[in-house]
Amino acid sequence: MRAVVYRGANDLRLEETPVPRIRAGELLVRVAVCGVCPTDIKKIQQGAVLPPRIFGHETAGTIVRVGAGVRGFAVGERVALHHHVPCLACHACRHRAFAQCRVYQRTGVTAGFEPAGGGYAQYVRVMSLVLPGVVKLPARNSFLEGAMLEPVNTVLKAVKRLSLLPGDRALVAGQGPIGLMFTRLLALRGVAVLATDLMAPRLQMARRLGARLLARGDDPQLPAQVERWTRGRGLDAAVLAAPSTALVEQAHALVRGGGQVLLFANTRRGDTAGLDLAAICVDEKDLLGSYSSDFTLQAEVARLVFSRQLDVRPLITHQFPLAATAEAVKLAANPRPDALKVVVSQVEA
Ligand SMILES: [Zn+2]
Ligand SMILES: [Zn+2]
């Protein structure tokens with residue numbers, strides 16, 4: 001089969017590799033669509049992990065082989081995959097800190113080599129440990145929609161960390177695909193969203209998805225605008241879907257006492273911010289983080305996406321063929337104003 005193999009920092013090569021062999025309890029899936037995810041981009045560009053690997057973990061496709069003993073799945077079914085599933089039994093899982101679970105941290109979908117998702121290949125092997133995360137696609141929904149379940153899951157998990165009430169006012173900083181999902185999910189909960197970004201088309205999309213107020217992220221009038229918009233009370237929450245440390249300090253200043261700042265994009269180790277600790281202690285402002293997905297939300301995520309309450313289709317702006325995966329990664333890493341979610345698609349046009 002054809003696969004795009006990571007051979008070192010910024011080195012992706014289209015190669016001929018063996019179709020993965022499955023064992024009992026596993027599935028073989030022909031990949032239709034795989035989203036390009038920032039966490040993979042980081043690993044590819046920085047060469048942060050040892051090659052060779054086949055990346056791509058936001059995968060949807062068709063089951064072409066079912067291993068012995070697998071119940072509930074059949075050849076020909078269209079599915080979305082989940083590459084991480086927690087054990088639900090360990091200390092971390094009992095605290096619902098699934099991303100810290102050892103089993104969760106094992107990647108259960110592979111196209112060969114050290115398992116890394118495998119979605120940038122024609123076929124993937126779905127190991128038994130992640131079978132509980134496989135979701136069947138309804139007939140009316142596309143592979144594109146299926147491939148978006150994983151990123152939507154990470155956003156819904158983060159939204160659930162916020163204690164917001166209908167009518168509250170929240171900032172979502174950064175209106176890339178993830179920020180836009182935050183904007184939509186918060187709007188669905190009746191939260192008024194102030195959406196910021198530096199690119200005008202992204203702000204227009206935020207408006208379309210339900211943002212109440214738009215602003216450029218670098219507008220020096222932003223604090224005054226927040227002051228007016230919240231009638232002097234301050235924001236109930238701020239979600240940072242852009243990896244800026246200056247933004248953390250600004251957002252922390254803009255939330256009200258008892259409010260929450262949620263970091264979603266600050267994934268680089270070693271980054272620090274200067275915060276007034278009394279704002280945490282006396283003003284009771286919470287600083288939260290959220291990373292990766294929550295398997296137990298999968299049914300809710302599927303409902304939101306497949307019902308199109310959260311319509312992910314307008315978020316997917318660019319599709320590349322498998323052979324152009326490196327180009328897809330490059331565009332997703334340096335988005336033009338018109339680019340939102342970039343995917344690799346092997347669906348025949
Ligand atoms: Zn992802
Ligand atoms: Zn666990």
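## Helices α1 and α11

Helix axes are lines fitted to C-alpha atoms over the stretch in contact, and the angle between two axes runs from 0 to 180 degrees between N-to-C directions. In this predicted model, helix α1 (residues 38-46) and helix α11 (residues 325-333) cross at roughly 110 degrees, and their axes come within 10 Å. Angles of 65 to 115 degrees count as roughly perpendicular, so α1 is roughly perpendicular to α11.

From α1, the contact takes I41, I44 and Q45, and from α11 it takes V329, A332 and A333. By class, the residues of this contact of α1 with α11 are five nonpolar, one polar and no charged.

## Domains

The chain is divided into two parts: domain 1 covers 2-153 + 293-345, and domain 2 covers 162-289. A distance of 29 Å separates the C-alpha centres of domain 1 and domain 2. Eleven residues from domain 1 and twelve residues from domain 2 take part in the contact. On the side of domain 1 that touches domain 2, eight residues are nonpolar, one is polar and two are charged.

## Helix α4 and its two partners

Helix α4 (residues 149-159) packs with helix α5 (residues 177-188) at an angle of about 50 degrees, and the two axes are 10 Å apart. That angle makes α4 oblique to α5. The crossing of these two helices, α4 and α5, is right-handed. In α4 the contact residues are P151, V152, V155, L156 and V159, and they meet P177, I178, M181, F182, L185 and L186 in α5. The contact of α4 with α5 has eleven nonpolar residues, with no polar and no charged ones.

Helix α4 also crosses helix α10 (residues 298-306), at roughly 115 degrees, with the axes coming within 9 Å. Here α4 is roughly perpendicular to α10. The crossing in which α4 passes α10 is right-handed. On the α4 side, L149, V152, N153 and L156 meet Q298, E300, V301, A302, L304 and V305 of α10. The contact of α4 with α10 divides into seven nonpolar, two polar and one charged residue. V152 and L156 of α4 appear in the contact with α5 and also in the contact with α10.

## The six-stranded sheet

Six strands form an open sheet with parallel pairing, in the order β11-β10-β9-β12-β13-β14. The edges are β11 (213-216) and β14 (286-289); each has a single partner strand, so one side of each is left without a neighbour in the sheet. On average, neighbouring strands of this sheet are turned by 20 degrees against each other, direction ignored.

At the β14 edge, strand β13 (residues 255-263) runs parallel to β14 and is joined to it by four bridges. One residue pair can be named here: L262 has L288 of β14 as its bridge partner. Towards the other edge, helix α6 (residues 200-208) lies across β10 (192-197) and β11, and runs at about 165 degrees to β10. Angles over 145 degrees count as roughly antiparallel, so α6 is roughly antiparallel to β10.

## Backbone features in loops

Two loops hold backbone features to check in the coordinates. P51 and P52 are joined by a cis peptide bond with omega of about -10 degrees. P52 is placed in the loop between α1 and β4 (58-66).

R96 has phi near 60 degrees, a positive value in a residue other than glycine. The position of R96 is in the loop between α2 (91-94) and β6 (109-110).

Methods: Residues are numbered from 1 along each chain as its sequence is written. Chains are lettered from A and ligands numbered from 1 in the order in which they are written. This is a predicted model: local features need pLDDT of at least 70, side-chain atom pairs count only at pLDDT 80 or more; totals for chains, interfaces and linings use all residues. Angles under 35 degrees count as roughly parallel, over 145 as roughly antiparallel, 65 to 115 as roughly perpendicular and the rest as oblique. A crossing is left-handed if the near helix is turned anticlockwise from the far one by less than a right angle, and right-handed if clockwise. Two residues are in contact if their C-beta atoms, placed from the backbone, lie within 7 Å. Ala, Val, Leu, Ile, Met, Phe, Trp, Tyr, Cys and Pro count as nonpolar, Asp, Glu, Lys and Arg as charged, and the others, Gly among them, as polar. Two strands pair if DSSP finds at least two bridges between them. Domain bounds come from an automatic or database domain assignment.
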